[in-house]
Structures are given as structure tokens and as C-alpha cells.
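Me: I would like a close look at a single part of this model, with the residues placed in their strands and their surroundings described. Please take it in one connected account.

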Amino acid sequence: MKHECAFWIGDCVRLKHDATKERRMVVQVSFGGTGTRYNLMCGTADTWHYEMEVESVDDSGQTVVQGFKSAT
């Protein structure tokens, strides 16, 4: 079975409802009967969210390096 999703492991995203708009990294993707869910890491905390809660981050000119830090 083929699954399609908007984001994949390693992508940097933001939560639509997060007032601070902190960047998070997708660390796991789950496909289930209720839809696609993403495990997002922010610092040392990880949380699960549905695809409708997540939006992409414009990472033009930035790369992810060891420790999930952004470098320009």
C-alpha cells in the first residue's frame, strides 16, 4: 500500500496553532485510520500532531547540522 504525506522525517515544520511559531523537526510519521500523524521534536520534547495542524517552514538558505541546529 502506498501512503502519501505532506512532510517527511527530517523536515522542519511549525504548528499552525503555536503562537510562538517554534520550528520543529519531523522525527516519525504514522499512517492510521484517523489520518496521517507526525511526531515532532522541539528541543528535548516530542509531541504527536495531525497533518492539518502542521505547516511547512521556509528554509531557504539554511541547512540542518548535527544536533538539529540551523546553520546559515
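Reply: What follows looks at strand β2 and then turns to a residue of strand β5. The model is a predicted one, and the description below should be read with that in mind.

Strand β2 covers residues 24–32, and Arg 24 is found in this strand. With a relative accessibility of 12%, Arg 24 counts as buried, because the cut-off for that class is under 20%. The side chain of Arg 24 is joined to that of Asp 18 by a polar contact of 3.1 Å. When neighbours within four places in sequence are left aside, the residues in contact with Arg 24 are Asp 11, Cys 12, Val 13, Leu 15, Asp 18, Leu 40, Met 41, Cys 42 and Thr 47.

Phe 31 also has its place in strand β2, but its relative accessibility is 30%, and so Phe 31 counts as partly exposed. Together with Trp 8 and Ile 9, Phe 31 forms a nonpolar patch on the surface, and the accessible area of these three residues together is about 300 Å².

Turning to strand β5, which comprises residues 54–56, we find Ser 56 there. Ser 56 counts as exposed because its relative accessibility is 53%, where the class requires over 50%. Again leaving aside neighbours within four places in sequence, Ser 56 is in contact with Phe 7 and Cys 12; Cys 12 is also among the residues in contact with Arg 24. Ser 56 and Val 13 are 43 residues apart in sequence, yet their C-alpha atoms are 4.6 Å apart in space, and Val 13 is likewise one of the contacts listed for Arg 24.

Key
Residues are numbered from 1 along each chain as its sequence is written. This is a predicted model: local features need pLDDT of at least 70, side-chain atom pairs count only at pLDDT 80 or more; totals for chains, interfaces and linings use all residues. Side-chain values use heavy atoms; hydrogens and water are left out. Patches are made of residues with over 30% relative accessible area and no salt bridge: like charges are joined within 9 Å, nonpolar side chains (Val, Leu, Ile, Met, Phe, Trp, Tyr) within 5 Å. Accessible areas come from the Shrake-Rupley method with a 1.4 Å probe; for residues, only the protein chains shown count as cover. A salt bridge is a side-chain nitrogen of Lys or Arg within 4 Å of a carboxyl oxygen of Asp or Glu. Helices (H or I, at least four residues) and strands (E, at least two) are DSSP runs, numbered from the N terminus. Buried means under 20% relative accessible area, exposed over 50%, partly exposed in between (1.4 Å probe, protein chains only). Contact means heavy atoms within 4.5 Å. A polar contact is a pair of N or O atoms within 3.5 Å; within protein, one must be able to donate a hydrogen and the other to accept it, and residues adjacent in sequence count only if both atoms are side-chain atoms.
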